[in-house]
Amino acid sequence: MLNFIKSSRTLYLVFLVLIVSCEKKESPIPLQEGQVRLTSIEVQAYLQGNPGARLSSGSSWTHVYPSSAKIVFKNKQSNEEFELVFDPNNFGNASITLPYADYIYHTEVSGGNYENFLPFSAEGEFRLNSSSFDIKLQAETEYGLITVENNNLESAPILVDEGNVSMNFLGNHYFKYVRSGREPVLEIVENVFQNTIRRTVRVEAYKHYNYIVKISDGTGEVIDLQMKDFELIEEELLVNVEAVPTSQMPTLVTNLNTELRESSGLAYFNNQLWTINDSGNENMVYQVDINTGNTLKRVRVTNASNVDWESLAQNDKYLFIGDFGNNSGNRTDLTIYRVEKTKILNQEEVEAEKITFTYSDQSNFSSAINNNNFDCEAFFFANGNLHLFSKNWLDNKTKYYILPSDPGNYEAQLVTDFDTQGLITGADINQVTGDIVMVGYTNAGLSTQCFVWLFSGYSDFDIFEGKRNRIVLGSPAVLGQTEAIYLKPDNSGWISSEQISAGGFTVPGKLFSFDYKSFF
């Protein structure tokens with residue numbers, strides 16, 4: 001009996017072991033994870049919209065970033081941080097495996113005033129609840145970009161700012177990223193005459209300043225850079241052929257008195273220099289003392305108002321006063337006043353005959369202040385007609401119109417246009433040789449430069465198809481705003497500027513002389 005009990009107890013224990021061994025063990029819950037991948041960088045400020053940005057087909061510029069950067073992911077639930085080192089120029093292996101959670105991320109690449117790469121910062125947040133998640137870094141920067149196309153260069157350009165900063169070469173461009181607020185002087189040595197061309201660049205973030213050295217006879221290829229995130233600002237730097245300098249400051253003769261601070265036109269007859277003021281001033285023609293800049297005589301045009309007098313032209317008998325300034329592009333009262341020169345010489349009050357006109361290519365007269373192509377500040381008389389040159393605010397070209405010189409109402413006929421790379425404010429012609437000069441300025445803020453164009457050697461009055469040279473005169477901060485030009489028969493002459501006031505300082509209106517005898 002005892003043996004039976006022992007056997008039963010043994011069987012019972014074996015049975016319990018079997019039952020326990022057959023129970024299913026629970027597996028631990030696996031940790032859910034996903035792969036986070038960096039795909040690209042998108043610089044964000046441009047997406048706020050800038051209608052002035054130019055996007056054109058052609059070669060493209062790909063931003064240069066440092067070869068290594070670090071991004072930190074922070075788990076919002078556990079505060080645990082994860083780091084990923086990546087190459088912003090190549091996102092092929094830029095990934096990290098993270099537990100499912102909500103994350104914030106931050107990455108930053110800092111830099112100095114001048115860098116070979118684009119410093120940036122990016123931050124954001126996301127929820128990881130799937131096996132993979134892609135991130136496009138929404139980046140910001142405080143840098144701009146300066147590039148110089150590698151055509152017609154004698155040597156590598158430099159940026160001068162508390163020392164010389166060399167530019168790097170990539171593709172067909174020299175480049176440098178520059179912190180916003182810097183104002184370096186860009187120095188370029190061209191390979192035709194080995195002249196040094198200088199431009200002061202006021203750098204702003206998200207701006208791309210591209211400079212192209214071109215030969216003034218039309219050779220050289222312009223490459224448009226297609227930018228997705230920076231506003232493109234291009235300037236062609238012309239190298240003149242046949243030893244015409246690319247830059248030459250005119251000679252200061254004298255400051256103009258305050259009465260003539262807005263001189264906008266010049267004429268010379270009877271050995272006397274005459275000028276006018278522009279909009280809002282008296283309907284007067286003024287004789288100027290060439291030596292002192294003082295007013296010698298005032299002649300009132302009694303049947304005229306000075307809506308916006310902008311230029312003077314003349315033939316043997318008449319002085320023409322161009323009341324065609326049109327900053328808003330909406331004027332329907334464009335007028336040229338014709339006055340006999342003998343009356344101006346002998347009287348203090350004169351009456352004028354009127355030439356009124358419209359432009360043959362204008363149908364829209366809505367107001368667009370400094371944002372239209374129907375402003376005009378330059379004309380001269382030749383071949384029995386008046387020749388007008390527009391001040392194109394939109395595209396920095398000039399349109400060339402012809403208009404009869406007799407009183408009446410006309411439609412000024414568009415002949416052609418020309419890329420003057422700036423705003424034309426004055427023009428004149430040598431009545432003997434047909435040589436032409438045009439004066440103006442670039443509309444580039446603190447980087448603005450005054451310039452003059454020389455045209456000669458054309459046929460059939462196709463004035464833009466002959467020899468063309470552009471000379472940079474200097475900054476309005478020194479010259480004032482160049483507004484008028486007169487060309488003598490020997491190709492010397494005068495330029496007048498109007499007073500400008502900015503940043504707490506004033507540059508008075510001035511009278512300059514020039515001598516271009518050897519340039520035509």
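Two strands count as paired if DSSP finds at least two bridges between them. Helices (H or I, at least four residues) and strands (E, at least two) are DSSP runs, numbered from the N terminus. The model is predicted: local features need pLDDT of at least 70, side-chain atom pairs count only at pLDDT 80 or more, and totals for chains, interfaces and linings use all residues. Residues are numbered from 1 along each chain as its sequence is written, and side-chain values use heavy atoms, with hydrogens and water left out.

**Exercise 1. Describe the pairing of E27 with E31, then place both strands in their sheet.**

Step 1. Strand E27 covers residues 353–359 and strand E31 covers residues 408–418; five bridges link them in the parallel sense. At Thr358, the residue standing opposite is Glu411 in E31.

Step 2. The sheet is open and has eight strands, ordered E23-E24-E25-E27-E31-E30-E29-E28, with mixed pairing. Its edges are strand E23 (311–314) and strand E28 (375–382); each has a single partner strand, so one side of each lacks a neighbour in the sheet.

Step 3. Neighbouring strands here are turned by 30° against each other on average, direction ignored. For this angle, axes are lines fitted to C-alpha atoms (for helices over the stretch in contact), and angles run from 0 to 180 degrees between N-to-C directions.

**Exercise 2. Which strands pair with E1, and in what sense?**

Step 1. Strand E1 (residues 33–43) pairs with strand E4 (residues 95–99) in the antiparallel sense, over five bridges. One bridge partner in E4 is Thr97, which belongs to Gln35.

Step 2. E1 also pairs with strand E8 (residues 132–140), in the parallel sense and over eight bridges. There, Phe133 of E8 is the bridge partner of Val36.

**Exercise 3. Where does E15 stand in its sheet, at the edge or inside?**

Step 1. Four strands make up an open, antiparallel sheet in the order E11-E10-E14-E15.

Step 2. E15 stands at an edge, as does strand E11 (164–166); each has a single partner strand, so one side of each is without a neighbour in the sheet. The twist averages 25° from one strand to the next.

Step 3. Strand E14 (residues 185–189) is joined to E15 by five bridges and runs antiparallel to it. Val185 has Thr200 in E15 as its bridge partner.

**Exercise 4. Characterise the largest pocket by volume and lining.**

Step 1. On a 1 Å grid over the protein atoms alone, a pocket is an open set of points with protein on both sides within 12 Å along at least five of seven lines, while a cavity is a set where a 1.4 Å probe fits but cannot get out; lining residues have an atom within 4 Å of a point. Grid points are joined across faces, edges and corners, and a volume is the space filled by probe spheres set on the points.

Step 2. The largest pocket holds about 1200 Å³. It is lined by 33 residues, and the closest to its centre are Ile233, Glu234, Asn396, Asn443 and Ala444.

Step 3. Strands E15 (196–200), E16 (207–215) and E17 (231–239) each supply at least two lining residues. E17 gives the most, with six.

Step 4. By class the lining has ten nonpolar, eleven polar and twelve charged residues. Ala, Val, Leu, Ile, Met, Phe, Trp, Tyr, Cys and Pro count as nonpolar, Asp, Glu, Lys and Arg as charged, and the others, Gly among them, as polar.

**Exercise 5. How many cavities of 30 Å³ or more are there, and what lines them?**

Step 1. The count is two.

Step 2. The largest cavity has about 70 Å³ of space. Its lining consists of Ile197, Arg199, Leu237, Leu238, Thr246, Ser247, Arg470 and Val472, that is, four nonpolar, two polar and two charged residues. E15, E17 and strand E35 (467–474) each supply at least two of them.

Step 3. The second largest cavity has a volume of about 40 Å³. Gly265, Leu266, Ser311, Leu312, Gly426, Ala427, Ala484 and Ile485 line it; five are nonpolar, three polar and none charged.

**Exercise 6. Is Ser496 buried or exposed, and what does it contact?**

Step 1. Ser496 lies in strand E37 (residues 492–498). Its relative accessible area is 1%, so Ser496 is buried (under 20%; exposed is over 50%, partly exposed in between, with a 1.4 Å probe and protein chains only).

Step 2. Beyond its neighbours within four places in sequence, the contacts of Ser496 (heavy atoms within 4.5 Å) include Leu266 and Ala484. Leu266 and Ala484 also appear in the lining of the second largest cavity.
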